[in-house]
Amino acid sequence: MSLRAKCGASITTPIYHDLNMNKKFYITTPIYYVNDQPHIGHAYTTVAADVLARFHRQKGDDVFFLTGTDEHGAKVAESAKLAGQKPKEFVDEVVELYRIAWKNLNITHDEFIRTTDPAHIEAVGKFMQKLMDNGRLYEDTYEGLYCVGCEKFMTEKELVDGYCPDHRKKPKKIKEKNYFFKLAKYLDQVKDLIQTDQINIQPAEMKKEVLGLFKQGLGDFSVSRQKVKWGIPLPFDPAHNIYVWVEALQNYISAIGYGDNRDEFERWWPADCHLMAKDILKFHAIYWPALLLAVGEKPPKGLFIHGFFSINGQKMSKSLGNVINPNDLVEQYGSDATRYLLLSQFPFGQDGDIKESLFAEKYNSDLANGLGNLASRTAKLLEKNEIEIKSAKQPISDKVIDDINDQIERYKFDEALKSIMRLVAEANKYLDQEAPWKLTEADSERRSEVLNNVASWITTMARLFYPFMPIASHSLVEQFTGPKVKKEEGLFPRK
Ligand code: MSP
């Protein structure tokens with residue numbers, strides 16, 4: 001029998017009290033550079049986006065979740081050369097590593113876009129042509145510094161002792177004819193949209209940071225490169241390739257039919273949430289809205305900027321050898337626990353430090369000894385005493401459920417997870433206090449009542465943590481919906 005038939009509702013049954021059905025929700029991650037394999041920084045953003053996508057689907061919203069890869073530009077071309085491969089051959093291989101990592105982490109994107117996809121290339125061509133036709137581009141000479149690691153032009157002021165602070169490399173001196181975008185024309189409008197939250201930038205400190213950037217003086221920027229050969233040619237001047245950032249940002253609209261399928265495009269655009277870390281905030285908060293306005297499209301509705309994390313107190317980098325591969329974590333802990341461990345370490349909108357040594361500790365205390373133990377001892381007692389599941393009163397108050405949903409909606413993932421773990425602790429305590437294993441046959445009714453209460457507690461909790469730990473959620477709902485409950489292999493075996 002299907003789960004839906006058995007319990008009259010599936011895992012996606014919303015546990016909401018203010019049902020707000022069928023809103024559309026379009027969420028994106030950055031598209032990641034394929035110069036190297038994915039690491040847990042990329043996984044962090046992608047898991048968070050997946051939590052939001054699952055949460056909104058569970059709520060009944062119409063969700064589109066987009067992720068993908070940024071495949072053109074000098075940085076990727078240099079990595080291909082180092083690997084002794086042609087760029088396309090190289091990216092075709094690396095992109096598979098991203099697909100595998102997202103599969104291992106149980107990511108439910110609706111689309112995986114690659115900037116080498118013909119549909120993206122076509123949409124970008126139309127967008128650039130429109131910019132040109134609208135008179136928003138002009139030719140000029142660019143002379144300055146370029147950091148290939150960042151794929152961006154830099155000013156002397158941004159350097160530390162002449163080096164890019166992020167990549168610890170000297171930027172290249174560049175002099176060439178480029179097409180420039182008339183950014184200046186849109187700055188006041190973009191600033192106003194941000195100030196009035198029509199482009200909603202969260203958390204508040206990040207909105208403040210963006211507004212501060214307007215004071216520094218932002219100039220028109222170059223949208224094409226003559227010397228970078230791995231890229232998409234400008235339709236009106238194929239001697240130039242489109243600057244990789246300008247082209248990459250457009251993935252958010254090329255994936256939903258820009259220039260090709262207006263109905264589909266309008267179904268999803270504007271994006272409800274572009275998720276990212278602050279390293280790429282300026283591109284998303286200022287350049288992207290300005291480019292959209294210049295072709296007559298709406299800016300995105302919202303940006304959420306999560307923290308940047310270090311590993312055991314150090315910046316994650318290949319040379320330090322501290323890069324964590326998400327597949328290794330999944331192998332060690334499973335996908336649900338990896339998702340849990342990533343999002344429960346520190347508040348989502350703040351910088352933080354990931355301590356790998358704490359993973360095992362937290363896994364054992366919260367998942368193995370907390371949730372896993374609650375489920376396994378409850379199932380064991382239900383099975384041993386041949387108790388059938390009856391519909392019990394929902395033991396978690398509406399207020400608690402609403403608060404947890406609200407925490408997820410406001411990106412307070414660590415708080416939501418803490419609230420859920422508090423419920424696990426309460427249920428474990430209730431079970432200890434009632435000690436149904438001590439009750440004799442004379443008290444079998446009480447025994448059945450207590451265990452039914454806990455079973456109902458478990459299924460409600462499982463629905464609450466579904467966006468974070470979908471596999472455990474499904475299996476607990478299935479197991480404790482009854483009518484007969486069987487003890488199963490431990491959900492989260494102790495490490
Ligand atoms: N290709 C561009 C994005 C283009 S979007 C139109 C890019 N790619 S990236 O591979 O460098 O990914 C950057 C993003 O990866 C960050 O914004 C963040 O989402 C994630 N993270 C990478 N390292 C991270 C941490 N150490 N901590 C948190 N997030 C991290 O920039």
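Me: Is Asp92 buried, exposed or partly exposed?
Reply: Asp92 counts as partly exposed because its relative accessibility is 29%. Buried means under 20% relative accessible area and exposed over 50%, with partly exposed in between (1.4 Å probe, protein chains only).

Me: Quick check, what kind of model are we in?
Reply: This is a predicted model, where local features need pLDDT of at least 70 and side-chain atom pairs count only at pLDDT 80 or more, while totals for chains, interfaces and linings use all residues. Residues are numbered from 1 along each chain as its sequence is written, and side-chain values use heavy atoms, leaving out hydrogens and water.

Me: Thanks! Which side chain meets Asp92 in a salt bridge?
Reply: That of Lys88, at 2.9 Å from N to O. A salt bridge here is a side-chain nitrogen of Lys or Arg within 4 Å of a carboxyl oxygen of Asp or Glu. Both residues lie in helix α4 (residues 87–104), 4 residues apart, which is about one turn of the helix. Helices (H or I, at least four residues) and strands (E, at least two) are DSSP runs, numbered from the N terminus.

Me: And which residues are linked in a network with those two?
Reply: Glu71 and Arg114 are linked with Lys88 and Asp92 in a network of salt bridges. The structure holds 29 salt bridges.

Me: Got one that links distant parts of the chain?
Reply: Sure: Glu388 and Lys484 meet in a salt bridge at 3.4 Å, N to O. Glu388 is in the loop between α14 (356–384) and α15 (398–409), and Lys484 is in the segment after α18 (470–480), 96 residues apart. Lys484 is exposed because its relative accessible area is 65%, whereas Glu388, at 41%, counts as partly exposed.

Me: Now Glu247. Where is it, and how far is the nearest side chain of opposite charge?
Reply: Glu247 is in helix α8 (residues 244–249). It is buried without a salt bridge, and the nearest side chain of opposite charge, Arg114, is 11 Å away. For charge, Lys and Arg count as positive and Asp and Glu as negative, with His and the chain ends not counted.

Me: What is Glu247 in contact with, then?
Reply: Beyond neighbours within four places in sequence, Glu247 is in contact (heavy atoms within 4.5 Å) with His72, Thr115, His120, Val124, Ile232 and Ile242.

Me: Switching to the ligand: which residues come nearest?
Reply: Ile31, Thr45, Asp70, Asp279 and Phe309, out of 24 around the ligand; a residue is near if one of its heavy atoms lies within 4 Å. A polar side-chain atom of Asp70 is 2.7 Å from a ligand nitrogen atom, one of Asp279 is 2.8 Å from a ligand oxygen atom, and one of His42 is 3.3 Å from a ligand oxygen atom.

Me: How much of the ligand does the protein cover?
Reply: The protein covers 94% of the 670 Å² of accessible area that the ligand has on its own. Areas come from the Shrake-Rupley method with a 1.4 Å probe; for residues, only the protein chains shown count as cover.

Me: Which element gives the most to the shell around the ligand?
Reply: β1, with 4 residues. The elements giving two or more are β1 (24–33), α2 (40–59), α8, α9 (251–254) and β12 (273–277).

Note on methods
A polar contact is a pair of N or O atoms within 3.5 Å; within protein, one must be able to donate a hydrogen and the other to accept it, and residues adjacent in sequence count only if both atoms are side-chain atoms.
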